[in-house]
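Hi,

Here is the structure I said I would pass on. Have a look at it first, and then read my notes underneath.

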Amino acid sequence: MKIAQSEFARRRQRLLEKLPAGSVALVCAAHLKTRNRDAEYSFRQDSDFYYLTGFNEPDALLLLIPGRVEGEFVLFCPPRDPQMEIWTGYRAGPEGCVRDFGADQAFSLTELEQTVPSLLDGASRLYYALGSDEALDGRVRGWLNEIRGRARQGAQAPEELVLLDNLLHELRLFKSEAEQEVMRRAAEISAEAHCRAMRAANPGMHEYQLEAEITGYCMQQGARFQAYSPIVGAGANACILHYIENSAPMQDGDLVLIDAGCELDNYASDITRTFPVNGRFSDEQKALYQLVLDTQEACIAAMKPGVPWNKIHDLSVECLTDGLIKLGLLVGERDALIEEGAYRRFYMHRIGHWLGMDVHDVGQYKLKGEWRPLEPGMVMTVEPGLYIAPDDDSVEPRWRGIGIRIEDDVLVTPAGCEVLTSAVPKTVAAIEELMARR
């Protein structure tokens, strides 16, 4: 499943409409990165660049120039080189950028230095993500200085440099129907991958074997890459929020926390489930798990247009604190405990984050200093958790070393919300039933 070129064209048009006359927007593609000698990491395109072009080659450069007679959409790309293509694969070249990606004009990267200054000459404002690419920052300064150096010949460099992020990232925050469909499919693939991991789990296995269940299935379904490094933490490893070693054996009686999601056409999914390696929750595990699940379900039920983003987090804090008091893990009055942050010993992260082309996607959480209200088209994760450190001697030994997080991807709709990742079981009964069928 891929986004159609007509969708990319609509995105460019929406951004062009927001750019004032006399401005230029410049967006850079990602670069190949060396992993070790003679080997590179798999290429992943810059999200902003891909959002506007659908073009998946490194080192390219996009200029959007509203009102330009010769064309508003200009691409610079790697040149065709038949000899190099034997080693590195097909390149579109300038002709392919026009034919296949809708560029009004396209040039080889070899023409950057002579062509870009002429495209910037006479513009009053340059929109550019300063600071995101140090090497390109230097080139942009060079282009501007070159134009300034020709001032007596009538050249005029942009007078203002404006960060593009606010305009572009606000567009990316609201997912179109096409984006929602890709994200639904990514969620479906990841959901089944988690179910397979539950069915595969057994004491004596290693964490990386469950990681292989997840990643292998996603690849078989056409999602070759994960949206982030999978977390598979058994036992006390589940209390390490960003644990990615995934190398330990899983013991009988352990819970295992899996936080993993595939990426499809550069769109992320993000799911966390926690389940018993042997298929049965202990009493302590069940009590903490049910508290996290009840909290998550309350937060999802509260999601609808108009609700401030932070209200969902505050609700999670209230629910978890109430539950921790009932379990005897916190002692005191709820509001006072929340005020002093007592819950942070067990719940140290926020309720979630925007989700889209990046797993921690772009978009402001506040507008003019106030938490922004949820609106249709936004996608966020809802992921409360509890983590009782294995060395926390302030609690009874029976609670120590238990880490639990439950995470789903939730789309805000006009009527409320849609859980994109609902196909993964998350009640105690449903998990135990699924695992009993191994």
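**What I found inside**

The largest nonpolar core has 112 residues, and the ones that touch the most other members are Leu64, Leu210, Val256, Ile258, Phe275, Leu374 and Leu386. Helix H8 (residues 177–200) gives the most to this core, with eleven residues. Bear in mind throughout that this is a predicted model.

Phenylalanine 275 is a good place to start browsing. Leaving out residues up to four places away in sequence, its contacts include Ala197 and Met198, then Leu210, Val256 and Ile258, as well as Phe281, Ile431 and Met435. Asp254 is also among the residues that phenylalanine 275 touches. There is a second, separate core too: 23 residues, including Leu26, Cys28, Phe107 and Leu119. As background, nonpolar side chains in soluble globular proteins tend to be buried together.

Next, the strands. E17 (residues 379–382) is covered on both faces, with Val379 and Thr381 buried on one side and Met380 and Val382 buried on the other. E17 runs antiparallel to E20 (residues 408–413), and four bridges join the two. One pairing to look up is threonine 381, whose bridge partner in E20 is aspartate 409.

What about E20 itself: are its residues buried or exposed? Six of its six residues are buried. Asp408, Val410 and Val412 point one way from E20, while Asp409, Leu411 and Thr413 point the other way. That fits the general pattern, since side chains in a regular strand alternate between the two faces of the sheet. Note that both aspartates, Asp408 and Asp409, are on the buried list.

E20 also pairs with E21 (residues 416–419), again in the antiparallel sense and over four bridges. A hairpin through two residues joins E20 to E21, and threonine 413 has glycine 416 as its bridge partner in E21.

Last, the rings. I count ten aromatic pairs in the structure. One of them is phenylalanine 8 with tyrosine 50, an edge-to-face pair at 5.6 Å centre to centre with 85° between the planes. This pair links distant parts of the chain: phenylalanine 8 belongs to helix H1 (residues 5–18) and tyrosine 50 to helix H2 (residues 47–53), 42 residues apart. Phenylalanine 8 and tyrosine 50 are both buried.

Elsewhere, Trp309, Trp354, Tyr365 and Trp371 make up one aromatic cluster. Tryptophan 371 also has a charge over its ring: the charged end of lysine 366 sits there, 4.7 Å from the ring centre.

Cheers

Conventions:
Residues are numbered from 1 along each chain as its sequence is written. This is a predicted model: local features need pLDDT of at least 70, side-chain atom pairs count only at pLDDT 80 or more; totals for chains, interfaces and linings use all residues. Side-chain values use heavy atoms; hydrogens and water are left out. Rings of Phe, Tyr and Trp (its six-membered ring) pair if their centres lie within 6.5 Å; planes under 30 degrees apart count as stacked, over 60 as edge-to-face and the rest as tilted. Buried means under 20% relative accessible area, exposed over 50%, partly exposed in between (1.4 Å probe, protein chains only). A charge sits over a ring if NZ of Lys or CZ of Arg is within 6 Å of the ring centre and within 35 degrees of the ring normal. A nonpolar core is a set of buried Ala, Val, Leu, Ile, Met, Phe, Trp, Tyr and Cys residues joined through side-chain atoms within 4.5 Å. Contact means heavy atoms within 4.5 Å. Two strands pair if DSSP finds at least two bridges between them.
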